[in-house]
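I opened my notebook to look through a structure one step at a time. Come along and keep the picture open beside you.

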Amino acid sequence: MRINPLVTEVLRGLNRQGKAQLDYLVLLTIQAVVLFLWWPKSGLGPVLESEHGPDTLIALVMTVGVTTAYHALRAGAEEYLLPGQHGLRDWAFATPLRLGRIVRGYVLGQLVHSVHLLVLSSPLLLMAFTISGGEWQALAWCAAATLLQALFYRLSGALTYLVIGRHRSECHFIVRTILVVVYAVVGWLVPFTSHVVFTTRALGEVASAGTTFSGIPEHWAFVALYAGVSMIAGLVIYVLLRRGRRAIAASRGGRRLGEAIT
C-alpha cells in the first residue's frame with residue numbers, strides 16, 4: 001500500500017530546516033522557561049519531605065498543550081509551511097488526487113507533525129516527570145489529549161483559511177481569537193473541554209476522575225469531544241474543497257465552450 005503523498009511531504013519537510021522549525025524553537029524555549037520557573041528551587045530534600053510534590057509537570061504539560069495548539073492553528077491557516085510542503089488548496093485544485101485521500105492525508109500528516117513536536121518536547125517532559133513523579137498512564141493520557149487538541153486546532157485553522165484566507169489580517173486575528181476563546185471562555189464555562197482542567201486532574205496528587213453531566217468520565221469525554229469535532233471539521237473541509245473543485249471545473253468548461261463558439 002502506497003503512503004499518502006501528503007504524509008510523505010510532511011515527513012520530508014520535518015527533515016529540512018525552515019521557518020516552521022525556527023518557530024517551534026521559540027515555543028520550546030518558552031517550555032524550557034516554564035520548566036525553570038516551576039523547578040523546585042530548594043532542592044530535592046524539602047520536596048521529598050513535603051506532603052505535596054511540585055507542580056512542575058502540570059505546568060509544563062499545560063504549556064506544551066497550548067504551544068502545540070498555537071503552532072497547529074498557524075499551520076492550518078498556512079502562516080507557515082514545512083520546507084517543500086504545499087498548501088491544502090494546491091493539493092485540492094492542482095492535482096487529480098481524490099479529495100477523500102487529500103483530507104485523510106492532511107489529517108494523518110498533522111498527527112505525524114504533532115507527534116514530532118511532542119518528541120522534541122519529551123526531554124523537558126521527562127525532566128519534569130522525574131521531579132514531580134506521577135503515573136505513566138496519566139502522562140500518556142495527557143499526551144493523547146495534546147495530540148487530539150492539536151488536530152482540532154489544525155483543522156480549525158484550515159477552515160478559517162479556506163473561508164477567509166484571502167484576507168490575511170482578518171485570518172491572522174481570527175486564528176488567535178479561536179485559541180483564546182476555546183482555552184479561556186469555553187474551557188471556563190465547560191470544564192471538561194479544558195486541556196488545563198484535564199491536565200490538572202490527570203496529574204494532580206488528588207486526581208479527580210470526575211464525570212460530565214451525562215455520567216461519562218471526563219477524560220473520555222474530552223477525547224470523544226475533540227475527536228468528534230475534528231471529524232466534523234474534516235467533513236466541512238471536504239465539502240468546501242469539493243465545491244471549490246467543481247467551481248474551477250465549471251469555469252474551465254465555460255472557457256472551453258466560449259473558445260469553441262468563437
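Below are my entries, from the whole chain down to single residues.

**Entry 1: the whole chain**

I began by noting that this is a predicted model. I looked up the secondary structure and found 10 helices and zero strands in the protein chain. Read from the N terminus, the elements go α-α-α-α-α-α-α-α-α-α. The chain has 262 residues, and buried ones make up 45% of them. I then looked up the contacts with a separation of 6 or more, and 81% of these join residues 24 or more positions apart. The accessible surface comes to about 14200 Å², with 67% of that belonging to carbon and sulfur atoms.

**Entry 2: helix 2 and its two sides**

I picked helix 2, which covers residues 19-38 and so has 20 residues. From its first C-alpha to its last, helix 2 reaches 29 Å, close to the 28 Å expected at 1.5 Å a residue.

Which residues of helix 2 are buried? I listed Ala-20, Asp-23, Tyr-24, Leu-27, Leu-28, Gln-31, Val-34 and Leu-35. These residues cover an arc of only 145° around the axis, so they sit on the same side of helix 2. A reminder to myself: an α-helix has 3.6 residues a turn, so residues three or four places apart point the same way.

On the face turned away from the buried side, I found the exposed residues Leu-22, Phe-36 and Leu-37. I also checked what covers the buried residues of helix 2, and the cover includes helix 4 (56-76) and helix 6 (99-132).

**Entry 3: two threonines in helix 4**

Next I visited helix 4, where Thr-56 lies. Is Thr-56 buried or exposed? Its relative accessible area is 0%, so Thr-56 counts as buried. Leaving aside neighbours within four places in sequence, Thr-56 is in contact with Leu-35, Trp-38, Trp-39, Pro-40, Ala-128, Ile-131 and Ser-132.

Thr-63 has its place in helix 4 too. This residue is buried, with a relative accessible area of 11%. With the neighbours within four places in sequence left aside again, Thr-63 is in contact with Ile-30, Gln-31 and Val-34. I recognised Gln-31 and Val-34 from my list of buried residues in helix 2.

**Entry 4: the nonpolar cores**

I wrote down a general point before this step: in soluble globular proteins, nonpolar side chains tend to be buried together. The largest nonpolar core here has 40 residues, and Leu-57, Leu-60, Val-61, Tyr-153 and Leu-203 touch the most other members. Helix 2, helix 4, helix 6, helix 7, helix 8 (168-189), helix 9 (195-203) and helix 10 each supply at least two residues of this core. Which helix gives the most to this core? It is helix 7, with 10 residues.

I followed Tyr-153 a little further. Not counting residues up to four places away in sequence, Tyr-153 touches Ala-69, Ala-72, Leu-73, Ile-178, Leu-179, Val-182 and Tyr-183. There is also a second, separate core of 18 residues, which includes Trp-91, Val-103, Tyr-106 and Leu-151.

**Entry 5: aromatic pairs**

How many aromatic pairs does the structure hold? I noted seven. Trp-141 and Trp-220 have ring centres 5.0 Å apart and planes at 85°, so this pair is edge-to-face. The pair links distant parts of the chain: Trp-141 is in helix 7 (residues 136-164) and Trp-220 is in helix 10 (residues 218-261), 79 residues apart. Trp-141 is partly exposed at a relative accessible area of 22%, and Trp-220 is partly exposed at 48%.

Phe-222 and Tyr-226 make a tilted pair, at 4.6 Å centre to centre and 40° between the planes. Both lie in helix 10, four residues apart, about one turn of the helix. Phe-222 and Tyr-226 are both buried. I then found them in one aromatic cluster with Phe-152, Tyr-153, Tyr-183 and Phe-198.

**Entry 6: Leu-148**

My last stop was Leu-148, found in helix 7. With a relative accessible area of 18%, Leu-148 is under the 20% cut-off, so it counts as buried. Its C-alpha atom is separated by 8.2 Å from that of Leu-111, although the two are 37 residues apart along the chain. Leaving aside neighbours within four places in sequence, Leu-148 is in contact with Val-223, Tyr-226, Ala-227 and Ser-230. Tyr-226 was already in my notes, as part of the aromatic cluster.

Notes: Residues numbered from 1 in each chain as written. Predicted model: local features only at pLDDT ≥ 70, side-chain atom pairs only at ≥ 80, totals over all residues. Heavy atoms only, no water. Phe/Tyr/Trp six-rings, centres within 6.5 Å; stacked < 30°, edge-to-face > 60°. Buried < 20%, exposed > 50% of the residue type's maximum accessible area, 1.4 Å probe, protein only. Expected span 1.5 Å × (residues − 1). Arc of directions from axis to C-beta. Contact = heavy atoms within 4.5 Å. Core = buried A, V, L, I, M, F, W, Y, C linked by side-chain atoms within 4.5 Å. Areas by Shrake-Rupley, 256 points an atom, 1.4 Å probe, with all protein chains shown as cover.
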